[in-house]
Amino acid sequence: MGKIRIYNRRFYDGLNDLDLVYSIKKNGKVVEQGRIDFDPNIPCRSYSVIDFDPEIRSDGEYFADFSFILNRSKWFADRGFEIAYSQLKLSEPVAHQAIVTSSSMPLTLDDSEDVVRISCGEIEYVFSKQT
């Protein structure tokens with residue numbers, strides 16, 4: 001089971017005006033999202049620990065994004081404004097199989113002054129060094 005430490009960096013106030021929302025991304029796509037309940041009465045300049053245990057498999061690269069969002073409008077920002085953000089890596093990237101080309105279609109690389117050109121048979125990728 002995982003744990004998250006929430007630290008109140010405010011000098012004179014609790015976290016009553018904030019909601020903690022999260023999303024789990026697998027290979028860059030959101031697969032889970034929600035709200036995490038926590039005690040907003042964390043004393044100033046101290047922290048609280050909460051449990052966080054998302055389902056992570058070994059079929060991709062997983063990240064967790066956390067945001068503290070205003071749950072009511074304030075003088076400086078409207079309700080829904082993101083106050084703080086953090087991202088945690090939950091797994092290592094999955095190794096992909098190498099692409100093997102046959103000798104009848106060799107992979108070629110041409111690194112010229114303004115472009116890099118990679119080709120294999122009828123497929124060609126061109127990358128500009130200018131942009």
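1. Surface patch. Trp 75, Phe 76, Phe 81 and Ile 83 together make a nonpolar surface patch of about 510 Å². The model in which this patch appears is a predicted one. One of the four patch residues, Ile 83, belongs to strand E6, which covers residues 82-89. Ile 83 has a relative accessibility of 37%, so it counts as partly exposed, the range for that class lying between under 20% (buried) and over 50% (exposed).

2. Confidence. The mean pLDDT of the chain is 88, and 93% of the residues reach at least 70. Confidence is highest in E5, at 96, and lowest in E7, at a mean of 87. As a general caution, predicted coordinates should not be read in detail where pLDDT is low.

3. The sheet that contains E6. This is an open sheet of 4 strands, ordered E3-E2-E5-E6, with antiparallel pairing. Strand E3 (29-36) and E6 are at the edges; each has a single partner strand, so one side of each lacks a neighbour in the sheet. From one strand to the next, the twist averages 20°. Ile 83 of the nonpolar patch therefore sits in an edge strand of this sheet.

4. Pairing of E5 with E6. Strand E5 (residues 62-70) and E6 run antiparallel and are joined by 7 bridges. Within this pairing, Ile 69 is placed opposite Glu 82 of E6.

5. Phe 63. This residue is in strand E5. Is Phe 63 buried or partly exposed? With a relative accessibility of 22%, Phe 63 counts as partly exposed, because buried requires a value under 20%. Phe 63 and Leu 88 are separated by 25 residues in sequence, yet their C-alpha atoms are 5.6 Å apart in space.

6. The sheet that contains E7. A further open sheet has 3 strands in the order E7-E8-E9, and its pairing is antiparallel. Its edge strands are E7 (107-111) and E9 (123-128), each of which pairs on one side only. Neighbouring strands here are turned against each other by 10° on average, with direction ignored.

7. Pairing of E7 with E8. E7 pairs with strand E8 (residues 115-120) in the antiparallel sense, over 5 bridges. Which residue of E8 is the bridge partner of Thr 108? The partner is Ser 119. For anyone looking closely at this pairing, E7 is the element with the lowest confidence in the chain, at a mean of 87.

Notes. Residues numbered from 1 in each chain as written. Predicted model: local features only at pLDDT ≥ 70, side-chain atom pairs only at ≥ 80, totals over all residues. Heavy atoms only, no water. Patch = residues over 30% accessible without salt bridge, like charges linked within 9 Å, V, L, I, M, F, W, Y side chains within 5 Å. Areas by Shrake-Rupley, 256 points an atom, 1.4 Å probe, with all protein chains shown as cover. Salt bridge = Lys/Arg side-chain N within 4 Å of Asp/Glu carboxyl O. Helix = DSSP H or I, 4+ residues; strand = E, 2+ residues; numbered from the N terminus. Buried < 20%, exposed > 50% of the residue type's maximum accessible area, 1.4 Å probe, protein only. Pairing = 2+ DSSP bridges. Axes fitted to C-alpha atoms, helices over the stretch in contact; angles between N-to-C directions. pLDDT = per-residue confidence, 0-100.
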